[in-house]
Amino acid sequence: MEGAAESGLIIPALDVVDLVSPAMTAASMPPHITLLYPFVDPPVPDETLDRLRTLFRTVEPFDYVLDEVAWFADSTVYLRPHPAQPFAVLTRRLVAEWPDRLPYGGEHGLDPVPHLTLADQEDPDEMRRLAVQAEPRLPISLRADTVWLMEGTHEPPAWHLTTKFLLGRRP
């Protein structure tokens with residue numbers, strides 16, 4: 001898949017950019033919680049964008065807290081959002097609408113753990129440093145009110161924002 005264009009749906013968390021590994025931000029992907037990746041191949045059709053707008057209008061914005069540093073094995077350090085349920089519900093709704101698009105290609109099951117990655121597959125000492133650096137900042141209160149459609153590749157600068165969707169019905 002190297003070099004092939006992809007898309008993904010994320011909830012950005014720009015307030016924590018200073019906690020995320022420089023390697024993560026070098027790919028032009030902001031700190032975020034992934035809702036559905038990979039999504040459809042770019043360019044995303046207008047009909048799909050309309051379906052996304054309709055779906056996201058039915059979801060009210062919600063508050064959450066990043067309050068725990070956690071690990072997937074020893075290869076990924078992340079912040080756990082609480083409550084996690086709203087993220088999981090959004091992912092399930094997206095998969096129900098696009099059943100051929102499984103989170104992470106189905107690699108982690110149909111109900112992946114909502115998370116904000118601080119570092120992935122990096123030097124273990126650097127990942128531990130990031131985890132220790134994040135601890136005193138917790139808890140971090142955030143609001144999910146926007147979903148971003150990101151498109152790009154795995155080659156830096158890889159990703160760019162193509163569409164913002166507001167959650168809920170707004171005037």
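The following paragraphs describe the fold of a single chain, from its overall dimensions to its two sheets and the helices packed on them.

The structure is a predicted model, in which local features need pLDDT of at least 70 and side-chain atom pairs count only at pLDDT 80 or more, while totals for chains, interfaces and linings use all residues. Residues are numbered from 1 along each chain as its sequence is written, and side-chain values use heavy atoms, with hydrogens and water left out.

A look at the whole chain makes a good start. Its C-alpha atoms fill a box of roughly 45 × 35 × 30 Å along the principal axes. The radius of gyration, taken over C-alpha atoms, is 16 Å, which agrees with the value near 16 Å for a compact globule of 171 residues; the globule rule is 2.2 Å times the number of residues to the power 0.38. Of the 171 residues, 46% are buried (under 20% relative accessible area, with a 1.4 Å probe and protein chains only). The accessible surface, from the Shrake-Rupley method with a 1.4 Å probe, comes to about 8700 Å², and carbon and sulfur atoms contribute 54% of this area. Contacts (heavy atoms within 4.5 Å) often span long stretches of sequence: among those between residues at least 6 apart, 72% join residues at least 24 apart.

The secondary structure consists of four helices and eight strands, both being DSSP runs numbered from the N terminus (helices H or I, at least four residues; strands E, at least two). Along the sequence they follow the pattern β-α-β-α-β-β-α-β-α-β-β-β. Strands of a sheet pair through backbone hydrogen bonds, either parallel or antiparallel. Here, two strands are taken to pair if DSSP finds at least two bridges between them.

One open sheet has four strands in the order 2-1-7-8, with antiparallel pairing. Strand 2 (32–36) and strand 8 (159–166) stand at its edges with a single partner strand each, so one side of each has no neighbour in the sheet. From one strand to the next the twist averages 35°, where angles run from 0 to 180 degrees between N-to-C directions and axes are lines fitted to C-alpha atoms, for helices over the stretch in contact. Strand 1 (residues 6–12) pairs with strand 2 over four bridges, and Ile10 stands opposite Thr34. Five bridges join strand 1 to strand 7, where Glu151 is the bridge partner of Ser7. Strand 1 is also well covered, with seven of its seven residues buried: Glu6, Gly8, Ile10 and Pro12 lie on one side, and Ser7, Leu9 and Ile11 on the other.

Two helices lie over this sheet. Helix 2 (residues 46–57) lies across strand 1, strand 7 (146–152) and strand 8, at about 50° to strand 8. Helix 3 (residues 85–97) lies across strand 1 and strand 2, at about 30° to strand 2. The axes of helix 2 and helix 3 come within 11 Å and cross at roughly 140°. Arg51, Leu52, Leu55 and Phe56 of helix 2 make the contact with Leu90, Arg93, Leu94 and Glu97 of helix 3.

Another open sheet has four strands in the order 5-4-3-6, again with antiparallel pairing. Its edges are strand 5 (116–120) and strand 6 (140–144); each has a single partner strand, so one side of each lacks a neighbour in the sheet. The twist averages 30° from one strand to the next. Strand 3 (residues 62–72) and strand 4 (residues 76–82) are joined by seven bridges, and Glu68 has Arg80 of strand 4 as its bridge partner.

Terms used: Buried < 20%, exposed > 50% of the residue type's maximum accessible area, 1.4 Å probe, protein only.
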